[in-house]
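Trainee: I would like a close look at a single part of this chain. Please take one pocket, then show me how the rest of the fold is arranged.

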Amino acid sequence: MGGSFAAFEIKKSKRKKFLIQNGIRTLATVTDIVTDTSTTVNGRHPNMIKCEIVDDYTGQIRSYTSDSSFNDYSAYLGMPVNIYVNPTNPNEAFVDIQSLVEQSMIGMSKF
């Protein structure tokens, strides 16, 4: 069981690194915060950020979901977030939660 979890985390880490290095960075809008009911740790479920962009070429709205986290991201609804979209598969992207948190901290420090 532990080996398959480790393999999954390694694959996820490689995917993230690939998308950050090779993906097309764009801004998406945070549209929802959802609970990841498929995961439970100490009786708690983590949250995920859902965000959307409008595809420049097709006009289609594309939705992306972040990795799970136990942080409360409800304050970020409607805010822009960096995402890295796979240039060969626009359905795959990495939602950069860290940039969202850092961006809001910079904005707060201006007061």
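**The second largest pocket**

Mentor: The second largest pocket holds about 340 Å³ of space. Keep in mind that this is a predicted model. The lining of this pocket is made of 14 residues. Those nearest its centre are Ile24, Ile53, Asp55, Asp56 and Tyr57. By type, the lining splits into 8 nonpolar, 4 charged and 2 polar residues.

Now place that lining on the fold. Four strands each give at least two residues to it: strand 1, strand 2, strand 3 (61-65) and strand 4. Strand 1 supplies the largest share, 3 residues.

Step back to the whole chain. There are 2 helices and 5 strands. Their order along the sequence is α-β-β-β-β-β-α. The strands follow one another, with a helix before them and a helix after them. The chain has 111 residues, and 30% of them count as buried. Its exposed surface is about 7500 Å², and carbon and sulfur atoms supply 54% of that. Look also at contacts between residues at least 6 apart in sequence. Of these, 52% join residues at least 24 apart.

Next comes the core. The largest nonpolar core has 15 residues. Cys51, Tyr64, Val81 and Ile83 have the most contacts inside it. Five elements give two or more residues each to this core: strand 1 (24-35), strand 2 (47-54), strand 4 (80-86), strand 5 (89-95) and helix 2 (97-108). Strand 1, strand 2 and strand 4 therefore appear in two places, since each gives at least two residues to the pocket lining and two or more to the core under the DSSP naming of elements.

Tyr64 deserves a closer look. Leave out residues up to four places away in sequence, and Tyr64 still touches Ile49, Lys50, Cys51, Ile53, Ile83, Val85, Pro90, Asn91, Glu92, Ala93 and Val95. One of these, Cys51, is also among the residues with the most contacts inside the core. Ile83 is on both lists too. Another partner, Ile53, is one of the residues nearest the pocket centre.

Go now to the start of strand 1. Gly23 sits in the loop between helix 1 (2-22) and strand 1. Is Gly23 buried or exposed? Gly23 is buried, because its relative accessible area is 19% and the cut-off for buried is under 20%. Beyond its neighbours within four places, Gly23 is in contact with Phe18, Val85 and Pro87. Val85 is also a partner of Tyr64. The C-alpha atom of Gly23 is 9.0 Å from that of Thr88, although the two are 65 residues apart along the chain.

Move along to Ile33, which is also in strand 1. Setting aside residues up to four places away, Ile33 touches Asn47, Met48, Ile49, Tyr73, Ser74 and Leu77. Ile49 is touched by Tyr64 as well. Ile33 and Asp72 are 39 residues apart in sequence, yet their C-alpha atoms are 8.5 Å apart.

Finish with the loop between strand 1 and strand 2. Asn42 has its place there. Its phi is near 50°, a positive value in a residue other than glycine. Asn42 is exposed, because its relative accessible area of 78% is over the 50% cut-off. Arg44 lies in the loop between strand 1 and strand 2 too. Arg44 is partly exposed, because its relative accessible area is 47%, which falls between 20% and 50%. Residues up to four places away aside, Arg44 touches Thr39 and Phe70. Arg44 and Phe70 are 26 residues apart along the chain, and 8.3 Å separates their C-alpha atoms.

Note on methods:
Residues are numbered from 1 along each chain as its sequence is written. This is a predicted model: local features need pLDDT of at least 70, side-chain atom pairs count only at pLDDT 80 or more; totals for chains, interfaces and linings use all residues. Side-chain values use heavy atoms; hydrogens and water are left out. A nonpolar core is a set of buried Ala, Val, Leu, Ile, Met, Phe, Trp, Tyr and Cys residues joined through side-chain atoms within 4.5 Å. Buried means under 20% relative accessible area, exposed over 50%, partly exposed in between (1.4 Å probe, protein chains only). Contact means heavy atoms within 4.5 Å. Accessible areas come from the Shrake-Rupley method with a 1.4 Å probe; for residues, only the protein chains shown count as cover. On a 1 Å grid over the protein atoms alone, a cavity is a set of points where a 1.4 Å probe fits but cannot get out, and a pocket is an open set with protein on both sides within 12 Å along at least five of seven lines; lining residues have an atom within 4 Å of a point. Grid points are joined across faces, edges and corners, and a volume is the space filled by probe spheres set on the points. Ala, Val, Leu, Ile, Met, Phe, Trp, Tyr, Cys and Pro count as nonpolar, Asp, Glu, Lys and Arg as charged, and the others, Gly among them, as polar.
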